[in-house]
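Colleague: I should like to learn how features of a model are read, one at a time. May we proceed from single residues to the whole chain?

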Amino acid sequence: MLVNAREMLQKAVKGKYAVAQININNLEWAKAALTTAQEQNSPIILGVTGGAAKYMGSFGTVAAMVKAMDKAMGITVPVAIHLDHGSYDQCLACIEAGFTSIMFDGSHLSFDENLRKTSDMVQLARKNGMTIEAEVGAIGGEEDGVIGNGDIADPTECEAIAKLGVDFLAAGIGNIHGVYPENWTGLDFDILEKIGQVTGGIPLVLHGGTGIPVEMIQKAISLGVAKINVNTECQLAFAAATRKYIEDGNDQKGKGFDPRNLLAPGANAIKQVIKEKFELFGSVGKA
């Protein structure tokens, strides 16, 4: 059931759990995510970066695929299809493509420009019945060639962005995309708490959910984080399962080379990661 993300995230804030954003990279990813969400009776957000959309053809291709799969699979849990780290032009493309939610990432811009462009996108999202995520304080690491240094967000800036009417807010609190290095110092919960206090209780977003210790995830949720993004962990699980399938020689047995067989172990590995995230985030049975 394709919806925007407003109700699912507002319920998550009240219920003290988080909804997983699972980034999708192809049909197998989307099918694994939808299947697991239905099996676990959990809401889910399907994240799509600009690079992933380009790989799959276009934002329109992705939206059409997800909508068709949602209908054909009889999905009844809430599913949002969401642009992840979108530029201004990518947001416009996703509005046209029929996404149900967008993220405008202006964190690399001057704050005044971020504020102005986010305001424009809030109006467009409202007009089209979509939800919108904004970002303050760049998330560390790399996402589709966009590199952030892991800035700590300014609560005053977060308050100003929240007042524009965004539906949920990503704020840098020391989190990064990709695999966390050994010298990572952890999340800044003092800043997270201050952001929660000044933003009026809107759902907060934790990017870079791969590798954050369980106790930090749980504390972040207790402080208002209602959406946690997962991508790298699914990619690593998919790669490991696919590698094992080939190293074991299964691609040379019978029809083992058939893509439907070759990709199955990786898809099953993704499903297991997603199930574990639903359990950790507390969203099982919350659809």
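Modeller: Let us start with Ala-5, which lies in the segment before helix 1 (6–15). Please bear in mind throughout that this is a predicted model.

Colleague: Does Ala-5 count as buried or exposed?

Modeller: The criterion is relative accessible area, and buried means under 20%. Ala-5 has a relative accessibility of 1%, so it counts as buried.

Colleague: Which residues does Ala-5 touch, leaving aside those up to four places away in sequence?

Modeller: A contact requires heavy atoms within 4.5 Å. By that criterion, Ala-5 touches Ile-45, Ala-80, Ser-101, Thr-131 and Phe-168. One may also compare separation along the chain with separation in space. Ala-5 and Lys-227 are 222 residues apart along the chain, while their C-alpha atoms are separated by 9.8 Å.

Colleague: Lys-227 has now been mentioned; with which side chain does the side chain of Lys-227 form a polar contact of 2.6 Å?

Modeller: The partner is the side chain of Gln-21. Gln-21 belongs to strand 1, which covers residues 19–23. The side chain of Gln-21 also makes a polar contact of 2.7 Å with the side chain of Asn-23.

Colleague: What is the relative accessible area of Gln-21, and what surrounds this residue?

Modeller: The relative accessible area of Gln-21 is 0%, and the residue is therefore buried. Beyond residues up to four places away in sequence, Gln-21 touches Ile-45, Gly-47, His-82, Asp-84, Lys-227, Ile-228, Asn-229 and Val-230. Ile-45 appears in this list and also among the residues that Ala-5 touches.

Colleague: How should backbone phi angles be read?

Modeller: Most residues other than glycine have a negative phi. Asn-41 has a positive phi of about 50° although it is not a glycine. Its place is the loop between helix 2 (27–40) and strand 2 (44–48). With a relative accessible area of 36%, Asn-41 is partly exposed.

Colleague: What is the phi of His-85, and where does this residue lie?

Modeller: His-85 has a positive phi of about 50°, and it is not a glycine either. This residue is found in the loop between strand 3 (79–83) and helix 5 (88–97). His-85 is buried, its relative accessible area being 14%.

Colleague: Let us turn to a loop further along the chain. Where is Asp-251?

Modeller: Asp-251 sits in the loop between helix 10 (232–247) and helix 11 (259–262). The partly exposed class runs from 20% to 50%, and Asp-251, at 21% relative accessibility, counts as partly exposed. Not counting residues up to four places away in sequence, Asp-251 touches Tyr-245, Ile-246, Gly-256, Phe-257 and Leu-262. Asp-251 and Asn-261 are 10 residues apart in sequence and, C-alpha to C-alpha, 8.1 Å apart in space.

Colleague: Is Asp-258 buried or exposed?

Modeller: Asp-258, also placed in the loop between helix 10 and helix 11, is buried, with a relative accessible area of 16%. The side chain of Asp-258 is joined to that of Arg-260 by a polar contact of 2.9 Å.

Colleague: How far apart in space are Leu-236 and Asn-128?

Modeller: Their C-alpha atoms are 36 Å apart, with the two positions 108 residues apart in sequence numbering. Leu-236 lies in helix 10 and counts as partly exposed, at 49% relative accessibility.

Colleague: How many helices and strands does the protein chain have, and what is its radius of gyration?

Modeller: The protein chain contains 12 helices and 10 strands. Its radius of gyration is 18 Å, close to the 19 Å given by the globule rule for 287 residues, so the chain is as compact as a globular protein of that length. The C-alpha trace spans about 60 × 40 × 35 Å along its principal axes.

Colleague: What percentage of the residues count as buried, and what percentage of the contacts join residues at least 24 apart?

Modeller: Of the 287 residues, 53% count as buried. Among contacts between residues at least 6 apart in sequence, 71% join residues at least 24 apart.

Colleague: What remains to be said of surface and charge?

Modeller: The accessible surface of the protein chain is about 12,300 Å², and 52% of this belongs to carbon and sulfur atoms. As to charge, the chain has 25 positive and 33 negative charges, whose mean positions are 8 Å apart.

Terms used
Residues numbered from 1 in each chain as written. Predicted model: local features only at pLDDT ≥ 70, side-chain atom pairs only at ≥ 80, totals over all residues. Heavy atoms only, no water. Helix = DSSP H or I, 4+ residues; strand = E, 2+ residues; numbered from the N terminus. Rg over C-alpha atoms; globule rule 2.2 N^0.38 Å. Buried < 20%, exposed > 50% of the residue type's maximum accessible area, 1.4 Å probe, protein only. Areas by Shrake-Rupley, 256 points an atom, 1.4 Å probe, with all protein chains shown as cover. Lys, Arg positive; Asp, Glu negative; His and termini not counted. Charge placed at Lys NZ, Arg CZ, Asp CG, Glu CD. Polar contact = N/O pair within 3.5 Å; in protein donor to acceptor, adjacent residues only side chain to side chain.
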